[in-house]
Structures are given as structure tokens and as C-alpha cells.
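Thank you for sending this model; my notes follow as numbered points, written for someone who has not seen it before. Please read them with the structure open beside the text.

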Amino acid sequence: MWGNSLKKQRPVNLDLQTIQFPVTAIASILHRVSGVITFVAVGILLWLLGHSLASEEGFLYAAAILDSVIVKFILWGILTALAYHIVGGLRHLMMDFGFLEEELVSGNRSARLSFIITVVLSLLAGVLVW
């Protein structure tokens, strides 16, 4: 009997396109995604670094790869993901050490501030790449 009433209280609509996520959930999801992007990018960038350090021809090959517009855009995306992951990690560390209160209002503020800081760092990375 008790199990039947519990099933009736659960949400029926689990369509992710209609659910409104709070800003803290979006920040958490993006932090995980940026971590995965950074992890994959490290392998690619280490491969490119290996080519550039192997010989003069390898360096010219790596420089030619980095001269492409598409590769510059990808590099800008990697730097943006890295910036967001670092900012989000610092946000979590500040919460863990007690510098930020773990309440809804301060969580929303810090998540929005991390987005703003990431946009500024992304623009700076774009200037650096281009």
C-alpha cells in the first residue's frame, strides 16, 4: 500500500526540454562538461606539443595546424572550457572552505558571477588566439 502512494507522488513529466533548471544546476552541469572537454583537449594538445618538439619539420607542421581558422576556433573553445572549469573549481573550493555561504541566494550569485568571469576570460582568450 505505501509503495503505491509513493509512486503517485513522483513527477510524471521528465521531458528535459520543458524542465527549467536553476542556475546552480546549469553551473554544475557545465562544470562537468568543461572538465571532460579539458581532459580530451589535454591529449590533443600533448600530441601537438610532441610534434612541435620532435624536429624542425614537426614544429612547422604544428605551426601550420595552428594557423587554420577552424583550429583557432577549437583552441578558443578549449581555453574557454578550461577557464570555466577553473572558475567553477575555485567557486567550489570557496564554498568548501566556508568563504561562500551554502544557501540558495549565494549559490545563485556565485554561479552567475562565475558565468560573467568566464565570459571575460573567454574574450581575453579570443584576443590571445586571434
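1. Helices here are DSSP runs of H or I with at least four residues, numbered from the N terminus. In that numbering, helix α5 covers residues 104-129, and Leu 121 is found in it. Please keep in mind throughout that this is a predicted model.

2. Staying with Leu 121, its relative accessible area is 35%, and because partly exposed covers the range between under 20% for buried and over 50% for exposed, Leu 121 counts as partly exposed. Although Leu 121 and Thr 80 are 41 residues apart along the chain, their C-alpha atoms are separated by 7.2 Å.

3. Ile 116 is also found in helix α5, and the question for this residue is whether it is buried or exposed. Its relative accessibility is 51%, so Ile 116 counts as exposed, the cut-off for that class being over 50%. The C-alpha atom of Ile 116 is separated by 9.9 Å from that of Tyr 84, a residue 32 positions away along the chain.

4. Which helices supply the lining of the largest pocket? At least two residues of that lining come from each of α2 (23-54), α3 (56-66) and α4 (69-96). The space in this pocket is about 150 Å³, and its lining residues are Ile 44, Leu 45, Trp 47, Leu 48, Ile 65, Leu 66, Val 71, Ile 74, Leu 75 and Ile 78. By residue type the lining divides into 10 nonpolar residues, with no polar and no charged ones.

5. A separate point concerns the surface, where a nonpolar patch is formed by Leu 14, Leu 16, Ile 19, Phe 21, Ile 26, Ile 29, Leu 30, Val 33 and Ile 37, which together have about 770 Å² of accessible area. One of these patch residues, Ile 37, lies in helix α2 and counts as partly exposed because its relative accessibility is 37%.

6. Finally, I would look at the loop between α1 (2-9) and α2, where Gln 17 lies. Gln 17 counts as exposed because its relative accessibility is 76%. Measuring tools in a viewer should let the reader locate the pair formed by Gln 17 and Gly 88, which are 71 residues apart in sequence and, C-alpha to C-alpha, 25 Å apart in space.

How values were computed:
Residues numbered from 1 in each chain as written. Predicted model: local features only at pLDDT ≥ 70, side-chain atom pairs only at ≥ 80, totals over all residues. Heavy atoms only, no water. 1 Å grid on protein atoms, 1.4 Å probe; cavity = no way out; pocket = protein on both sides within 12 Å on 5 of 7 lines; lining within 4 Å. Points joined across faces, edges and corners; volume = space filled by probe spheres on them. Nonpolar A, V, L, I, M, F, W, Y, C, P; charged D, E, K, R; others polar. Patch = residues over 30% accessible without salt bridge, like charges linked within 9 Å, V, L, I, M, F, W, Y side chains within 5 Å. Areas by Shrake-Rupley, 256 points an atom, 1.4 Å probe, with all protein chains shown as cover. Salt bridge = Lys/Arg side-chain N within 4 Å of Asp/Glu carboxyl O. Buried < 20%, exposed > 50% of the residue type's maximum accessible area, 1.4 Å probe, protein only.
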